[in-house]
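Let's take a walk through this fold together, starting in the middle and working outward. Have the viewer ready and follow along.

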Amino acid sequence: MEVLIANKSHAKYAEIICETIAESAAVRGTGIARRTPEYITKKLENGNAVIALEGEKFAGFCYIELWGHGKFVANSGLIVHPDYRNVGLAKKIKHKIFKHSRTKFPDAKVFSITTGLAVMKMNSDLGYKPVPFSELTDDSTFWDGCQTCRNYDVLTRTNRKMCLCTGMLYDPKSKLEKQKKVKEKVFNRLKHIKETMFLKKKDQK
């Protein structure tokens, strides 16, 4: 298994990457914005992505997005093919894309929004901290990308201040990344509170 910084030779995997993202979004019911093969191809060709391969077979993927004129970086679309789940591959991809982001864009704040408890824990291990959405990019294009998520109405109802996703931020200029890691039970409680708040309101409509 290899986890590589992508290049134009990996463009042939764009279709299966999109299919895997879409299938995972359908299973989870939340949290993954869909992307087109053309969009993914650009990420692969400009080196703003990481891909995991078992020989020639696609195993996993994650890509970099730049926001706020390069002030913010997001590691998005973290996905592992069903054939390679539960073997620690997601963590390897996450660490690779984070290191690549820090090397390529050393002054940028790295952020993430996710409903996945496993991703929250990985983020915390890397030094991210939970933050309100107001500390993330205010670039409307980023938030418009959430429109394919089934919970987009929650984001619009709260004027983009809150959603089922948790915002997390790594600030290279802050000493806060050295703080204690957030315990998993805290993320569980936070997710439960949000689901109780927002899903009940949604069901009552």
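How many of the eleven residues of β3 are buried? Keep in mind that this is a predicted model. Nine of them are, so strand β3 is largely enclosed by the rest of the structure.

To see what surrounds β3, step back to the overall layout. The chain has seven helices and seven strands, and from start to end they come in the pattern β-α-α-β-β-β-α-β-α-β-α-α-β-α. The strands make one open sheet of seven, ordered β1-β2-β3-β4-β5-β7-β6, with mixed pairing. At the edges sit β1 (2-5) and β6 (129-130), each of which pairs on one side only.

Now look at the two neighbours of β3. On one side, β2 and β3 run antiparallel and are joined by six bridges, with Ala 49 facing its bridge partner Tyr 63 in β3. These two strands form a hairpin with two residues between them, and Gly 55 in that turn has a positive phi of about 70°. On the other side, β3 pairs with β4, again antiparallel, this time over seven bridges. Here Glu 65 has Ala 74 of β4 as its bridge partner. This is a hairpin too, with four residues between the strands, and its turn contains Gly 68, whose positive phi is about 60°.

Carry on across the sheet from Ala 74, because that residue does double duty: besides bridging to Glu 65, Ala 74 has Phe 111 in β5 as a bridge partner. The pairing between β4 (residues 72-80) and β5 (residues 109-114) is parallel, over three bridges. Strand β5 then meets β7 in the antiparallel sense through five bridges, and Thr 114 stands opposite Thr 166 in β7. Two more bridges join β6 to β7, which also run antiparallel; Lys 129 has Leu 169 of β7 as its bridge partner.

Is β7 enclosed or open to the outside? Five of its five residues are buried, so β7 is largely enclosed by the rest of the structure. Thr 166, Met 168 and Tyr 170 point one way from the strand, while Gly 167 and Leu 169 point the other way.

Next, the helices. Helix α3 (residues 89-104) lies across β1, β2, β3, β4, β5 and β7, and runs at about 160° to β4. Helix α4 (residues 117-126) is mostly covered, with seven of its ten residues buried. Among them are Leu 117, Val 119, Met 120 and Met 122. Right after α4 comes Gly 127, with a positive phi near 110°.

What about the aromatic side chains? The count comes to ten aromatic pairs. In one of these, the rings of Tyr 39 and Tyr 63 have centres 5.9 Å apart and planes at 75°, so the pair is edge-to-face. It links distant parts of the chain, with Tyr 39 in helix α2 and Tyr 63 in strand β3, 24 residues apart. Tyr 39 is partly exposed, with a relative accessible area of 26%, whereas Tyr 63 is buried at 2%. Another pair is Phe 133 with Trp 143: their ring centres are 5.1 Å apart and the planes are at 35°, so this pair is tilted. Phe 133 lies in the loop between β6 and α5 (140-144) and Trp 143 in helix α5, so the pair ties together parts ten residues apart in sequence. Both of these residues, Phe 133 and Trp 143, are buried. They also belong to a cluster that ring pairs build from Trp 67, Phe 72, Phe 111, Phe 133, Phe 142 and Trp 143.

If you're wondering about cysteines, how many disulfides does the structure hold? Zero. Cys 146 is in no disulfide, and the nearest cysteine sulfur, that of Cys 165, is 6.7 Å away. Cys 146 is buried, with a relative accessible area of 14%, and Cys 18 is buried as well, at 11%.

Finally, zoom out to the whole chain. Buried residues make up 48% of its 205 residues. Among contacts between residues at least 6 apart in sequence, 70% join residues at least 24 apart. The accessible surface comes to about 11100 Å², and 52% of that belongs to carbon and sulfur atoms.

Definitions and conventions:
Residues are numbered from 1 along each chain as its sequence is written. This is a predicted model: local features need pLDDT of at least 70, side-chain atom pairs count only at pLDDT 80 or more; totals for chains, interfaces and linings use all residues. Side-chain values use heavy atoms; hydrogens and water are left out. A disulfide is a pair of cysteine sulfur atoms within 2.5 Å. Buried means under 20% relative accessible area, exposed over 50%, partly exposed in between (1.4 Å probe, protein chains only). Contact means heavy atoms within 4.5 Å. Accessible areas come from the Shrake-Rupley method with a 1.4 Å probe; for residues, only the protein chains shown count as cover. Two strands pair if DSSP finds at least two bridges between them. Axes are lines fitted to C-alpha atoms, for helices over the stretch in contact, and angles run from 0 to 180 degrees between N-to-C directions. Rings of Phe, Tyr and Trp (its six-membered ring) pair if their centres lie within 6.5 Å; planes under 30 degrees apart count as stacked, over 60 as edge-to-face and the rest as tilted.
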